[in-house]
Amino acid sequence: NSILLPGVILVYGVGLLFPELNIVPKSENFDLGSLGLFTILAFTAGHFIQPVGNLLENIWWKIRGGKPTQWTKGSELINQDILGEILKSIKKEVTFNFLKDKELAKISGKDWAGVVKFIYIKLKSENKTERIDMFNANYGLYRNISAAVLVILGIFLFKNGFNYLWVDGLLISMVG
């Protein structure tokens, strides 16, 4: 689940950084109650980490020039003749007012996002979105795990300071 597992990672990581909190059950004290409490904490932490993952995702795609579904319009990622045929098929199906007098290849990125959503809805009505839905579920899980790990790294650096040579190298390599 894209909420529980990142929450487990976050709670466990915080528990290792701050053992005095006793949020990670010890093997000698482990019982059903401590498992239940840990699961509730992890589930709650997972909900708190999800907006962090969403923020990181938005920053990532802004840096990369948009999401991959936006890259196909006017790019060499897809043969332009094939894209033209796809766009003709979409034009027959789409009844959005903003597309009536426009060439699909020249619409704005915001309007293109509407076309992509339309395609998904059309495929969903035909029960053809299983692969897309599986990808999105895994994507959400990995995004939130990444966010949890970055939050733990931030807490670690805040607690221990930035005087670690490997941290300096990591930050320098990320910046430039």
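In this short talk I will walk through the helices of one chain, the packing of two of them, the aromatic rings, and a few single residues.

Let me say at the start that this is a predicted model, so please keep that in mind whenever I give a distance or an angle. The chain has seven helices and zero strands, and if you read along the sequence you meet the pattern α-α-α-α-α-α-α. The chain holds 176 residues, and buried residues make up 24% of them. If we take the contacts in the chain with a separation of 6 or more, 59% of them are accounted for by residues 24 or more positions apart.

Let us turn to two of the helices, α2, which covers residues 32-63, and α6, which covers residues 130-160. How far apart are the axes of α2 and α6, and at what angle do the two helices pack? Their axes are 8 Å apart, and the angle is about 100 degrees. Since angles from 65 to 115 degrees count as roughly perpendicular, that makes α2 roughly perpendicular to α6. On the α2 side, the contact is made by Ile49, Gln50, Val52, Gly53, Asn54, Leu56, Glu57 and Trp61, while α6 brings Tyr139, Arg143, Asn144, Ala147, Ala148, Leu150 and Val151. When the residues of this contact are divided by character, nine are nonpolar, four are polar and two are charged.

Two residues from this contact deserve a closer look, one from each helix. Gly53 lies in helix α2, and it counts as buried because its relative accessibility is 0%, where buried means under 20%. Which residues does Gly53 touch, if we do not count those up to four places away in sequence? They are Arg143, Asn144 and Ala147. Gly53 and Leu150 are 97 residues apart along the chain, and yet their C-alpha atoms are separated by 9.6 Å.

From the other helix I have chosen Arg143, which is found in α6. Is Arg143 buried or exposed? With a relative accessibility of 17%, Arg143 counts as buried. Leaving aside its neighbours within four places in sequence, Arg143 is in contact with Gln50, Gly53, Asn54 and Glu57.

Now to the aromatic rings. A pair of aromatic rings is described by the distance of the centres and the angle of the planes, so I will give you both values each time. A search of the whole structure finds two aromatic pairs. In one of them, Trp60 and Trp61 are arranged edge-to-face, with 6.5 Å from centre to centre and 70 degrees between the planes; the pair carries that name because planes over 60 degrees apart count as edge-to-face. Although these two residues form a pair, Trp60 counts as partly exposed at 47% relative accessibility, whereas Trp61 counts as buried at 14%.

The other pair is formed by Phe135 and Tyr139, and it is stacked, with 5.9 Å from centre to centre and 25 degrees between the planes. Both residues lie in helix α6, four residues apart, which is about one turn of the helix. Phe135 is exposed, with a relative accessible area of 53%, while Tyr139 counts as partly exposed at 26%. You may remember Tyr139 from earlier, as it is one of the residues that α6 brings to the contact with α2.

One further ring is that of Phe18, and here the partner is a charge: the charged end of Lys159 sits over the ring of Phe18, at 4.8 Å from its centre.

Let me finish with three residues outside the contact we have discussed. Ser34 is found in helix α2 and is buried, with a relative accessible area of 18%. Apart from its neighbours within four places in sequence, Ser34 is in contact with Pro25 and Asn29.

The last two residues are in loops. Asn22 is found in the loop between α1 and α2, and it has a positive phi of about 55 degrees although it is not a glycine. Asn127 has its place in the loop between α5 and α6, and its phi, near 55 degrees, is again a positive value in a residue other than glycine. Are these two buried or exposed? Asn22 is exposed, with a relative accessible area of 59%, and Asn127 is exposed as well, with 71%.

Notes:
Residues numbered from 1 in each chain as written. Predicted model: local features only at pLDDT ≥ 70, side-chain atom pairs only at ≥ 80, totals over all residues. Heavy atoms only, no water. Axes fitted to C-alpha atoms, helices over the stretch in contact; angles between N-to-C directions. Parallel < 35°, antiparallel > 145°, perpendicular 65-115°, else oblique. Contact = heavy atoms within 4.5 Å. Nonpolar A, V, L, I, M, F, W, Y, C, P; charged D, E, K, R; others polar. Phe/Tyr/Trp six-rings, centres within 6.5 Å; stacked < 30°, edge-to-face > 60°. Buried < 20%, exposed > 50% of the residue type's maximum accessible area, 1.4 Å probe, protein only. Lys NZ or Arg CZ within 6 Å of the ring centre and 35° of its normal.
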